[in-house]
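Colleague: I would like to go through this protein with you, from its overall make-up down to a single residue. Could you show me the sequence and the structure before we begin?

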Amino acid sequence: MKRSLALGLSLTLLAAPVMATEKETLKERQDRLSNQLEQSKKAQVETDAELEVTEAQRDAVSTEVRAVNERLEGLSEQIAVQQVEADAARSELEATRQQLAAQGQYLEGQKALLSERLRVLQIHEDRSYLQVVFESRSFGDFVTRLMTAQTIAEQDRDLIHSYMHEVERLETLEATQRTQLSFVKQKERELVVTKQALDQAAAEKHVLLSELNEQVELLELERMTRGEEQALMNEQRRIIASQLDAIATAEREQAEAEARAKQEAEAKAAAEARARAEAAARAEATERAEATERAEANQETVTPQAPPAAEPKTVTAPVSTFLRPVSGYVSSRFGPRENPLTGAPESHRGIDIVNATGTPIVSAAPGIVIKAAEATGYGNVVFVSHVVSGQVWTTVYGHLDSITVAAGQSIGAGQTVGTLGNTGWSTGPHLHFELHRGEWAPGQPNAVDPGPYIGY
């Protein structure tokens, strides 16, 4: 796989002249990627630390919320018990009041009887019970009168005592029950006030817990995004290292070819020189032998050999434009806009091309796939690194429905990388296409408007 990758890179690089400046540019980008990777790792460490603190705060607030909820449950039970006791006290008080009403009717009757008795006594206040007794006509009548007088007197006393006692008992009972009901109501009010305070505290804790949960989600998303950024930068760094290896291999092969050509040229020149020397010697010997016949020819003419013709070099014209990755209409151009999901202002770092789900998406130029997987926000996405006219470019194809290439794969211009879809943070089927002059970096500082490059 590495050998085929190196060969593919060699072919790509040989399409444009291999120059020292290109190697230096790649090394600069490699160093810059290393610095960005270190910064991303430091930022991730800070994010992890912040996430740990936030999670600890969230756990502490969750514990407090559970404790408040437990207290609220206990208070609810106590309030329910107090309400039952209050209802019972109200029922007892009502029963006592009914007894007081019934007893009042009875006492009213007793009071009428007592009043009659007092009235009779008042009328006959000059007559004592002894007079009534001594007016008897016989001993039997005397005994009867005496017993009747005693009974009436005792009944009068009992009637008064009973009346006073019953009134006092019922009034005391009513006062006690009123006090008990007031106590129960006061305790119920105190519990309700305490519960209201706890309800307020619980609501505030729930708001804080919700905010902490949101912070945890954002930090987890940031950590996940950092991880994806680092993986992408590592892959780009690996690709650049492979490109540098390919350049070194091409330079080494070119140097070896030049050395072999030089050796062959030197050997050929030496052979030609030897042949010329031998021909000159033979010509000189022949000339001395035939000196008498060639008296008039006293100067030897030597025809110089033409230098070898230079070997023609095949140069492939560099790619100057990118292919359009998909047909369709542009729904959102590069630059400032409102985020279609949140409505917040943002800088759109690519263009959105709308077409039907499943429409093939092709690579805008030959290159190497850096990433072909799901990524936060992008959904299913393909990143491709290109070398065009000695310049490194990166293209991004986001929100794909499916992916048909794999990371590390060499692809040609116009080769299908996936199909158009609606994955990730998307509001409808479209291709989100990005073009970066150089490597992809966090914050997308190298993004350029791809419209002019693909004819939109």
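Colleague: How many helices and strands does the secondary structure of the protein come to?

Modeller: Please keep in mind that this is a predicted model. Within it, the secondary structure of the protein comes to 12 strands and five helices.

Colleague: What share of the residues in the protein is buried?

Modeller: The cut-off for counting a residue as buried is a relative accessible area under 20%. Applied to the 456 residues of the protein, that gives a buried share of 32%.

Colleague: Which strands each supply at least two residues of the largest nonpolar core?

Modeller: The largest nonpolar core has 24 residues, and those touching the most other members include Phe-322, Val-382 and Phe-433. Strands that each supply at least two residues of this core are β4 (351-354), β7 (379-388), β8 (391-403), β10 (416-420) and β11 (431-437).

Colleague: Is Ser-363 buried or exposed?

Modeller: Ser-363 sits in the loop between β5 (360-362) and β6 (367-375). Leaving aside neighbours within four places in sequence, Ser-363 is in contact with residues including Leu-323, His-386, Tyr-397 and Gln-415. Because its relative accessibility is 0%, Ser-363 counts as buried.

Colleague: Which residue has its backbone oxygen 2.6 Å from a polar atom of the side chain of Ser-363?

Modeller: A pair of N or O atoms must lie within 3.5 Å to count as a polar contact. At 2.6 Å from a polar atom of the Ser-363 side chain, the backbone oxygen in question belongs to Ala-365.

Methods
Residues are numbered from 1 along each chain as its sequence is written. This is a predicted model: local features need pLDDT of at least 70, side-chain atom pairs count only at pLDDT 80 or more; totals for chains, interfaces and linings use all residues. Side-chain values use heavy atoms; hydrogens and water are left out. Helices (H or I, at least four residues) and strands (E, at least two) are DSSP runs, numbered from the N terminus. Buried means under 20% relative accessible area, exposed over 50%, partly exposed in between (1.4 Å probe, protein chains only). A nonpolar core is a set of buried Ala, Val, Leu, Ile, Met, Phe, Trp, Tyr and Cys residues joined through side-chain atoms within 4.5 Å. A polar contact is a pair of N or O atoms within 3.5 Å; within protein, one must be able to donate a hydrogen and the other to accept it, and residues adjacent in sequence count only if both atoms are side-chain atoms. Contact means heavy atoms within 4.5 Å.
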